[in-house]
Every structure is written in structure tokens, then in C-alpha cells.
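Visitor: I am new to this structure and would like a close look at a single part of it. Please begin with the stretch that a database record names at the start of the chain, and then show me how that part fits into the whole.

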Number of protein chains: 2
Amino acid sequence: MLIKINQSDLIKSINIVIKAISTKTTLPILECIVIKTMENSIRLIANDMELGIETILSGEIIKEGSIALNSRLFSEIVRKLPNNLVEINTDDNYKATIKCGKSVFTISGQSIEEFPVLPQIEKIKSITLSQFSLKEMIRQTIFSISNNENMKVMTGELIEINNNNLRIIALDGHRISIRKIALKGEHENIKAVVPGKTLSEISKILSSEIADEVTIYFSNKHIVFEFSNTTVNSRLIDGEFYNVDQMISSDYETKININRRELLENMDSALPFITEKEKKPVILNITENNMNLSIKTTVGNMNTDMELVKEGKDILIGFNPVLIMDALKVVEDENIDIYLFNSKAPCFIKNKEESYLYIILPVNFNPEDI
Amino acid sequence: MLIKINQSDLIKSINIVIKAISTKTTLPILECIVIKTMENSIRLIANDMELGIETILSGEIIKEGSIALNSRLFSEIVRKLPNNLVEINTDDNYKATIKCGKSVFTISGQSIEEFPVLPQIEKIKSITLSQFSLKEMIRQTIFSISNNENMKVMTGELIEINNNNLRIIALDGHRISIRKIALKGEHENIKAVVPGKTLSEISKILSSEIADEVTIYFSNKHIVFEFSNTTVNSRLIDGEFYNVDQMISSDYETKININRRELLENMDSALPFITEKEKKPVILNITENNMNLSIKTTVGNMNTDMELVKEGKDILIGFNPVLIMDALKVVEDENIDIYLFNSKAPCFIKNKEESYLYIILPVNFNPEDI
């Protein structure tokens, strides 16, 4: 193989596919990036057997061919090159010579024979949306996935299409985070549980431009994201996702409207008082037009008040401040609505359209914690 | 004690003194910041028994007094407060109440009785220079100190005043880094070995303004830096510092003038080929108007050429690229002069005035490494 590529194009493409390089693998071939010429295009491919990424880049193909190069070494060399034309030349012994300006690098590669081919899926079920929307929906929910590998299904997010609405749902046993948007056109109902790692890596590659689109294809075992010149292919997680709709209710006993940033800052102020040993909640005492927030531990105590607009009953309820903060950090509204029932029932942070919905369980507390 | 301080002033002063909080201490009092009113001023003090910092801040003193507060807790609380007036009130049981806006925090403090007093030194020998110069001189040498605690004197830097010149010198057995400036006025000759930690912390506090000055006082056991509203007091390291002047020579067999950035980039390109197991040098082959750089390891090899201006003999010499890069990173000249003798002798990177001088030992190599 003999190809010529601009250094800036090459490093951009390496940065995309390298997200599918496993850091844990013992198979040297899975530590490699494959470079392959095909149908007059140059492709970079990486695959950790769960997540596979392929991207097409432009360049000059002087001689067709392919090679697998150690991703760490290859990316380090290319990253340090000046932004000039890079020539990659391979010989029959899988030795790769990388030339740029006056510099010549020689490294050993491997045949791509052993490299696992990305699974091809039937492109029947699909949706198309803006890359920006998908990136935002992931960012606004992914913090709620569980990292408990014993509950595999909770380490992923549910991507659900129902009545031409797309919902992305994450939950970890203490909270549920849901983002919803309306899709254009008519779509079959679909449910797919996508690994958290896939979504977090893909959100780093997706563009932030509303005009750039991504098409998502679904099969029983896989999900494929096609955007820009890149294809991301991921296994799905087997198993039944928790039915969140049984938790959702539009009833409430108390509804408050409150300044989001101020609430976030007050919850943050409580964190110095929480230690590994003493995970006490922040206690909210909601009365007419006022919310008192307090926390009391052996470290010390905090007490503050906030203005709010209240409908319904007074309520005294405790929360882990971190869970409330996680939701408040990703919402953009200046003021938010919180719906409450009683001190044992979860709160609902949501807007009228329910384009976002955060359900957070309260924490029990003792009278002496107040 | 009852005082009122602006949050922004308070957090700025906390960030200064907290640099003298030991992370390793088992004495709770050394984890504390002392707040003390004195002579109509408010002072924050921290002291890890090697390094002590005191800073004066403005605020309103309603009732005189003092308290020692856990630095982590106190700084976390203050950092999260809005930029408003902060009231700190202490009672006879060393309970501190911190109020800001609607928020009230209560934490337990300690009496300052057990807190070690900063040593007072006789202010006889001193020099004054711009804070910016001192900050730069530290930055341009401190990377060369040793972290080998068995060679205590090499974990510090020599501050030397000789013939009204100030030199700061660091060395680690592989290299020597020297920065020199002329002082204004007449000064006694002084030598003091200052702990690396003191210098690295102080360089974070020093201003980058040329007009801001710092005065340094010397005693046999201590050094004191006075600047802005802050006093930094440090123990000196006992022991004789290596006599670097016996290494310095103005002779050379080869002198080259070369582009600094290009050399830095080429040295950097060699790093991917160096592994923990195989620390091979970059080999420089300097001939008429050309320098060839190469490295060869089991990972692969690199080869490149650079233009230069040469005086004297051709030379073949190997260096650890990291040591060359460390020096090139802190020099600002576009082109630098490197002076060489033979493949066994150190190189000298210096300017004509010798305001900077980096002496770097070469690395032996085998003929098959070329």
C-alpha cells in the first residue's frame, strides 16, 4: 500500500476510530488501527468486539493495500508530525514507512487477516435526527447509568421509539433520567439498550452543528450510527429494560417553581459536610414562598433559605444533593418545576412538554438530622 | 472574633496560604488555616513546619480574636459562597459561624495555642527583584531538581549572590540548569539551598507583573520572601551544594546555531520509540550545515535532518531527548547556540550573556544503534 494524506485529516480520523480501541485487550490485533484502501477511498477502522468504528478520509491512493498498526504508536507518531502531506508505504513484511517532510519513521505492522470484520446489519429500521440533538440527549441522561456490571442492562441506556417520539432513558436504582424529542416522519416502534460506553464515545465524535444529521439503524443485536464519513457499530445489551412508564405520573401534592442556578449552588454548598462515613441528606422544608435547606453532620452544619413559588401542600423531604445537582447541571431552563408527593415518594423535575424528566428518590432522615 | 471580609478577597488569601498545608501530616493543627486579627489587620497563616505562609487581607474587624480552621473544609465552604460579604464569628468553644447572604455554616475550630509560630529572622541580608523575574528564574530551572530524597541537597535549588549577580541553580546528576540576572545595588555574597517545594509553591503565588517586587531575606537556617501582602518563610536545606563552576568552560570543539522549536519538535518525535525497558538515546550526527537525528529501538526507528550553522569539528553524540526538550521548552530565543566538545562530554546550551546555561550529559550508544 502507498497512500498520501494530509496530517490534519489523518489525525482527525485517528482520533475518531481510536475511541474503539480497548485498553484492556490482550489481543495485539485489537490494539491496532486498520488502514485499508477500498473502492477508491482510504478507511481507518478500529474494533474492540463490542464497539467498532470506521471512517473514510480523503487522500491519494498510489498503490492499494491494507495494514494494521499499533494504535498508540501510530497515533503518537502522527500527532507530532507537522501539518504537511504524510506518505504511508507498506512492504510485503508489513513494515510501514511513514514520511513527512524530512522525517522518516519505520514501524512494524500486521496483516489485517486476523482483524475482526465489523458486523453488517440489514438497514431496514432507521431514524434520522440532528447530531447536535443526539449529543445533547446523551449528555443530559448518561450520568444516570449504573456502573454495576452485575446489572448489565442498567449500564446502558434505552433508546426507544414510540409514536414517532424518540426517548433516551438511563437509570441506576436511585433515579431515572429521560429525554424526549419528536421525530420527523413515520417510524416503527423500537426498543434497544445501548452500552453506556458506546454512547459516551459517540457523543465525543458527534458534531455540535444542528444542521449535521446522523442516521441510526437498528437490528436485533446491533445498532449502527452513520454520520459525516463515519460509521459506528455497537452490540446491544440483552435483557429487559425497566418499564419506567409505571413510575411516571402527572399527579402531585406539591409543585414548586424555583431558580435552577441558585438551587444548584445551595446543594453544592452542602457537599463539604458529607463524608464517606456520613452520607446525610440535604433536608428541604418547603413552606409558603420559602424553602429552607439544611444539612447537619459531625463535620458541621449548613442552613439557608430560597424564595420559590409553591402550589399545594407544605412538605419536608430529604435528598442526596449530588443526584439533584446532576439533573440541574444539564437542564438549561432558568427556572424549573419540581413536583412532589410526600417525603417517601420520588420528586419529578420536568418541563411542561416533558422533553426532559428527572425522577429522583428521596432519602430518609431522622428528626435529629434537622 | 467577629470579622467581615469580601468572599473574593478571602478566597484569594486562602488560595495563597493553603500552599503551606501539608497533605501528609498526622497533626490536625497543621491541617488548619489560622485566622488572626492583629494590629488592625486580618491575617491568614498556614505552616507545615518546613514552609510557612502568612498573608494580610483587608476587612472589617468588629471583635479581635483568632481561630484555627480545617483548611480543606474552610476553603471548600468559602469557595462555594457567592461574591458577597462573609462574616466569620467565633465563640469561646472555638465554634465558627460563617454567614454569607442567607446561608449560615457552623464548623468546629481549634485554639491557635498549639499552632507553630513562624520563625522570625533578623532582616539583615536581603535582595529585591521583580516578582516576574523570580517566577521566571524558578520556572526555567526547577525541572532539573532531583526527587531523590537520599540526596537531600539536590532536591533544592541553590540561590547564590556573587558579585551582585543572582544565580539560581538546579541539578540532578544528568544535567545542570542555571539562570543568572544582575542585581541593582551592592550585595553581600550569599549561598542558600532552598527546598524545591518552597520554590514551586512560591512561583504559583508570585505575580507576573514586572513592576511588582519581592524582597528576599536570608539567615543561616531560613529564607523569607516578602511581596504584596504575603510573607513566605522556609527552612533551608543543610549541606554543601555541588560546585558547578568547575563544570563551566567557555572552550568548545563544535558550536552550532539551530532553530529551537524545530529541534524541540524533532526530539519530541523520537519519544514514541522509547519504552520503559529500552531507553535509547537520540543520536545527533552533526556535519557541515546539517544535523541528522536518529533513534532505533525494537519499536521502530526515526530519522530526520535539520539545517544549522556550524563552527568547528563534525561530531556524533547521543542524548536523552527528554533532557534536551526540558531546556528547550523554557528558553524563549528563536535560535539557540549549543556548544560541544566530544561524544563523552556534556553539551552547553547558553546565550552570549549566559543569562541561561543548561549543561546536559550525553548518553553512550553502540554502533548498531545508528
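Guide: The part to begin with is residues 1–119 of chain A, which the UniProt annotation, from an unreviewed entry, labels "domain: DNA polymerase III beta sliding clamp N-terminal". Please keep in mind throughout that the model is predicted. Over residues 1–119 of chain A, the chain is 17% helix and 45% strand, and the C-alpha atoms at the two ends of this span are 25 Å apart.

Within this span, a residue to look at is Asn40(A), which sits in the loop between strand E2 (32–38) and strand E3 (41–47) of chain A. Asn40(A) is not a glycine, and yet its phi is positive, at about 65°. Its side of the story at the surface is simple to state, for Asn40(A) has a relative accessible area of 68% and is therefore counted as exposed, the cut-off being over 50%.

A comparable loop can be visited in the other copy, where Met49(B) lies between strand E3 (41–47) and strand E4 (51–57) of chain B. Met49(B) also has a positive phi, of about 80°, although it is not a glycine. With a relative accessible area of 44%, Met49(B) is partly exposed.

Chain B also enters the picture at Gly300(A), which belongs to strand E21 (residues 300–307) of chain A. Leaving aside residues up to four places away in sequence, Gly300(A) touches Phe273(A) and Ile295(A) in its own chain, and Thr106(B) in chain B. Gly300(A) is buried, because its relative accessible area of 9% falls under the 20% cut-off. The C-alpha atoms of Gly300(A) and Pro272(A) are separated by 9.1 Å, although these residues stand 28 places apart along the chain.

As for how the copies are related, chain A can be laid on chain B with an RMSD of 0.0 Å by a turn of 180°, with a shift of 0.0 Å along the axis. This is the relation of a two-fold axis. The same surface serves both copies, since 100% of the contact residues of chain A recur in chain B. Among the residues of chain A, Thr23(A) comes closest to the rotation axis, with its C-alpha atom at 16 Å.

Further along the chain, UniProt places the feature "domain: DNA polymerase III beta sliding clamp central", again from an unreviewed entry, at residues 129–241 of chain A. That span is 17% helix and 42% strand, and its end C-alpha atoms lie 23 Å apart. Helix H4 of chain A, at residues 196–205, is mostly covered, with 7 of its 10 residues buried. Among the buried residues of H4(A) are Leu199(A), Ile202(A) and Ile205(A), and Glu201(A) is buried as well.

Stepping back to the whole of chain A, one finds 6 helices and 26 strands, and the C-alpha atoms fill a box of roughly 80 × 50 × 35 Å along the principal axes. Buried residues make up 53% of the 370 residues in chain A, while its accessible surface comes to about 17300 Å², of which 46% belongs to carbon and sulfur atoms. Of the contacts in chain A between residues at least 6 apart in sequence, 67% join residues at least 24 apart. Finally, chain A carries 41 positive and 51 negative charges, whose mean positions are 4 Å apart.

Methods:
Residues are numbered from 1 along each chain as its sequence is written. Chains are lettered from A and ligands numbered from 1 in the order in which they are written. This is a predicted model: local features need pLDDT of at least 70, side-chain atom pairs count only at pLDDT 80 or more; totals for chains, interfaces and linings use all residues. Side-chain values use heavy atoms; hydrogens and water are left out. Copies are superposed by least squares on the C-alpha atoms of residues with pLDDT of at least 70 in both. Contact means heavy atoms within 4.5 Å. Helices (H or I, at least four residues) and strands (E, at least two) are DSSP runs, numbered from the N terminus. Buried means under 20% relative accessible area, exposed over 50%, partly exposed in between (1.4 Å probe, protein chains only). Accessible areas come from the Shrake-Rupley method with a 1.4 Å probe; for residues, only the protein chains shown count as cover. Lys and Arg count as positive and Asp and Glu as negative; His and the chain ends are not counted. The place of a charge is taken as NZ of Lys, CZ of Arg, CG of Asp or CD of Glu. UniProt positions are given in the numbering used here, feature names are shortened, and annotations may be inferred rather than shown by experiment.
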